[in-house]
Amino acid sequence: METFAEYLASIDNPEHKERTEEVLKWITEKFPSLKTKIAWNQPMFTDHETFIIGFSVSKQHLAVAPEKVVIDQFSEEIVQAGYEHTNQLIRMKWKLPIDYSLLERIIEFNIKDKADCTTFWRK
């Protein structure tokens, strides 16, 4: 979590900071093999130097970016969880609980699907 300390300190809203820290800590504990990094001013998790998932904070939501392929794969579940999404990110509104089961499946899908990936982003 040291990797994310400066990013977390930059979040003005204490509730948003706490929620973001909770999610990042959960991923760190649930997926200890993933590496943490800050890139493009966003906390990210990687596996063998390939992108798995990234996050950013906005006024209305925690944005989750797992790549378009993953959003396409989980689109219905994302909507069923009460979240909105674009082609590139999932918007988890601050007032809604985090669906950790869905987040876990998204991360597991990306780890498995990108097991042989040799680039940071999918091609």
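This passage walks through the nonpolar core, the largest pocket and a buried lysine of a predicted model.

The core comes first. The largest nonpolar core holds 28 residues, and Ile27, Phe45, Ile53, Phe55, Ile90, Leu103 and Ile107 touch the most other members. Helices and strands both feed into this core: α1 (5-9), α2 (14-30), α3 (68-80) and α4 each supply at least two residues, as do β3, β4 and β6 (90-93).

Two of these well-connected residues are worth a closer look. Ile27 sits in helix α2 and, with a relative accessibility of 0%, counts as buried because the cut-off for that label is under 20%. Setting aside neighbours within four places in sequence, Ile27 is in contact with Leu34, Phe45, Phe55, Leu103 and Ile107. The pairing with Leu103 spans a good stretch of chain: 76 residues separate the two in sequence, while their C-alpha atoms are 8.9 Å apart in space. Phe45, itself a partner of Ile27, has a list of contacts that includes Phe4, Leu24, Thr28, Leu34, Lys35 and Thr36, again leaving out neighbours within four places. Also on the Phe45 list are Thr50, Phe51, Ile52, Ile53 and Phe55.

Next comes the pocket. The largest one offers about 190 Å³ of space and is lined by 14 residues, with Gln42, Phe51, Ala65, Gln88 and Trp121 lying nearest its centre. Three strands, β2 (42-47), β3 (50-57) and β4 (61-65), are the elements that give two or more residues to this lining. Of these, β3 gives the most, with 4 residues. Sorted by class, the lining comes out as 9 nonpolar, 4 polar and 1 charged residues. Phe51 thus turns up twice, among the residues nearest the pocket centre and among the contacts of Phe45.

That leaves the lysine. Lys114 is found in the segment after α4 (100-113). Despite its charged side chain, Lys114 has a relative accessibility of 1% and so counts as buried. What does its side chain pair with? The partner in a polar contact is the side chain of Thr50, at 3.0 Å. Beyond residues up to four places away in sequence, Lys114 touches His48, Thr50, Phe51, Glu67, Phe120, Trp121 and Arg122. Two names in that set, Phe51 and Trp121, are also listed among the residues nearest the centre of the largest pocket. Thr50, the polar partner of Lys114, is in contact with Phe45 as well, and Phe45 belongs to the largest nonpolar core.

How values were computed
Residues are numbered from 1 along each chain as its sequence is written. This is a predicted model: local features need pLDDT of at least 70, side-chain atom pairs count only at pLDDT 80 or more; totals for chains, interfaces and linings use all residues. Side-chain values use heavy atoms; hydrogens and water are left out. Buried means under 20% relative accessible area, exposed over 50%, partly exposed in between (1.4 Å probe, protein chains only). A polar contact is a pair of N or O atoms within 3.5 Å; within protein, one must be able to donate a hydrogen and the other to accept it, and residues adjacent in sequence count only if both atoms are side-chain atoms. Contact means heavy atoms within 4.5 Å. On a 1 Å grid over the protein atoms alone, a cavity is a set of points where a 1.4 Å probe fits but cannot get out, and a pocket is an open set with protein on both sides within 12 Å along at least five of seven lines; lining residues have an atom within 4 Å of a point. Grid points are joined across faces, edges and corners, and a volume is the space filled by probe spheres set on the points. A nonpolar core is a set of buried Ala, Val, Leu, Ile, Met, Phe, Trp, Tyr and Cys residues joined through side-chain atoms within 4.5 Å.
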